[in-house]
Each structure stands twice: as C-alpha cells, then as structure tokens.
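User: I have a protein model open and I'd like to learn how its features get their labels. Can you walk me through it?

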Amino acid sequence: MIIEIPKGYTYMKEGNIIAFEENGILKMQRRHGKFDEIMYDVTYQQKGRDKCYYCGRNRNENQLLKITLDHIYPRSLGGPTIPPNLIPACRKCNSLKENMTPEQFRAYRKIKGEQQKDLFRKEYFRTKYFQERWVHILPEEWISQTTISDLLVSIDLHDTSTIKYKRTKEYYARCQQFPSPIIIDCHGFVLDGFTIVLYAKNNRIKEIPTIVLENVEVIF
Ligand SMILES: [Zn+2]
C-alpha cells in the first residue's frame, strides 16, 4: 500500500525531526517515533482538522466543535491506524459511530426518526460482539501474507505475561486468526503488531497477515 504523504512533510518532537517526507517516502526515526502518533499527524495534515467528514459541521462556524480522528474500520475489529483508515470526525459523530462498520454507520445515518434510530442501536449493541471479524471487513487489497522469518523486529520479544499477549492467545484460540493484521515498512520492519509477531514465533505460525506500507521507511 502506498499512503499519501504531504510534500515536504515533517514531524517534530522535542525539537527533533522524527519523521519527514523525501521523494514521496515517509522516513521515520524508529527510536523516537511513535508510529500511531505519526499516522494521526499525517492524516490531520492531509485531511485537515476543521471539518467533520460525517455530518459536515465545520469549526469555522462553531469554534467549540472538537475534531477527532475516527477509525473507519473500527480498531476493535482489527482496523489499522493508517491514513486510509482514519477520518476527521466531530466527537458526536465519533461516539455515535462507536464500533460500527462503515456500512452499519451509513445505514444508521440514513434512518429517519428517533424511534427507528433507537431500534437500530439496540440491534447493533445486541450483535456487535458477534459481528464479522477484520478478515471479512477490511479491503482485501490492503492485506498480504508475510513469512515471519522475513520480518525485522528491533525490540526484544519475550514477555508473554502481558494482557495483550493473553488477548492475542485467546483470540487465536477462538478464531484461528490474529486480532488484526500487523503493519510493516518497505523493508519488513515491524511498525505495529509486536505481540502478534511474538505469539506467531512462539507457536511456530509461519505466515502473518500484513499491511505493507511501501513508501514508509524506518531509518536509524
Ligand atoms: Zn460530525
């Protein structure tokens, strides 16, 4: 996947440039950089922080309007924190959408009448824990399979006592799948999904569903 990077983009933290655009490639200093934080910032740079993409309300008309970033495919369903999956939304729309898929939220917003809306929400809350997993909702073209031995991981992966690890283990046992795809840069450097990599290694699972950011490069 190629993500759109604003030309001349830089991201500073504590006086250091920790990410910048060069010839269409986003270069990231791994040791400083928080991947999620940079993805949020790139999205704001690209899509602005003034307008809600769902209801159209604008900060120019209402200074108090708070704009947040919504995960179009919800995080709880494995939606990744990358610009194509992030969209500026006002707090109201973001909390109304909750963990609905884009289709569910589109359907919800078309409903006229409060009573009908309430019925839809009731049904949604009743079924939300059973709804389809990311393998069924994320665009297929985002995902490829990566052989685990091709991955580069800079941090020491040993800790299996974390809650994240326990959740990954439970999810895998239940669904025979990981809770989300991992995210890597153009060289196979892992940007997101360390616990999943650890779980796969420990259980000799050879391939992991992956989102490859072809124009992102970790530099040292
Ligand atoms: Zn809104």
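Analyst: Sure, and keep in mind that this is a predicted model. Let's start with an open sheet of four strands, ordered β1-β2-β3-β10, with mixed pairing.

User: What makes β1 and β10 the edges of the sheet?

Analyst: Count partners. β1 (10-13) and β10 each have a single partner strand, so one side of each has no neighbour in the sheet. From one strand to the next, the twist averages 20°.

User: Why is the pairing called mixed?

Analyst: Look at two of the pairs. β2 (residues 16-22) and β3 are antiparallel, with four bridges, while β3 and β10 run parallel, and four bridges join them too. Two strands count as paired if there are at least two bridges between them, so four is enough. In general, strands of a sheet pair through backbone hydrogen bonds, in either a parallel or an antiparallel way.

User: Which residues face each other across those pairs?

Analyst: Here are two examples. F20 is opposite K27 in β3, and Q29 has I219 in β10 as its bridge partner. Where β2 and β3 form a hairpin, two residues lie between the strands, and N23 has a positive phi near 50°.

User: Which residues of β3 are on its covered face, and which on its uncovered one?

Analyst: L26 and M28 make up the covered face, with I25, K27 and Q29 on the uncovered one. That fits a general pattern: side chains in a regular strand alternate between the two faces of the sheet.

User: What makes a group of residues a nonpolar core?

Analyst: The residues must be buried, of a nonpolar type such as Ile or Val, and joined through C-beta atoms within 7 Å. The largest such core here has 29 residues, and I38, I182, I183, I196 and V197 have the most contacts inside it. Elements giving it two or more residues include β3, α1 (35-47), β7 (182-184) and β9 (207-212). The largest share, five residues, comes from α7. There's also a second, separate core of five residues, among them C52, I67, C90 and C93.

User: Which residues does I183 touch, beyond its close neighbours in sequence?

Analyst: Setting aside neighbours within four places, I183 is in contact with P80, I82, L191, D192, G193, I211 and L213.

User: Why is I205 called partly exposed?

Analyst: I205 has 14 other C-beta atoms within 10 Å. Buried needs 20 or more and exposed means 12 or fewer, so a count of 14 falls in between. I205 is in the loop between α7 and β9. Its C-alpha atom is 7.9 Å from that of I148, although the two residues are 57 apart along the chain.

User: How do you know that α6 spans what a helix should?

Analyst: Helix α6 (residues 163-175) has 13 residues, and its first and last C-alpha atoms are 18 Å apart, close to the expected 18 Å at 1.5 Å a residue. Right after α6 comes Q176, with a positive phi near 55°.

User: And how do you know that the radius of gyration agrees with a compact globule?

Analyst: For 220 residues, a compact globule would be near 17 Å, and the protein has 19 Å, which agrees. Its C-alpha atoms fill a box of roughly 55 × 45 × 30 Å along the principal axes. Overall, the protein has seven helices and 10 strands, and 29% of its 220 residues count as buried.

Note on methods: Residues numbered from 1 in each chain as written. Predicted model: local features only at pLDDT ≥ 70, side-chain atom pairs only at ≥ 80, totals over all residues. Rg over C-alpha atoms; globule rule 2.2 N^0.38 Å. Expected span 1.5 Å × (residues − 1). Contact = placed C-beta atoms within 7 Å. Axes fitted to C-alpha atoms, helices over the stretch in contact; angles between N-to-C directions.
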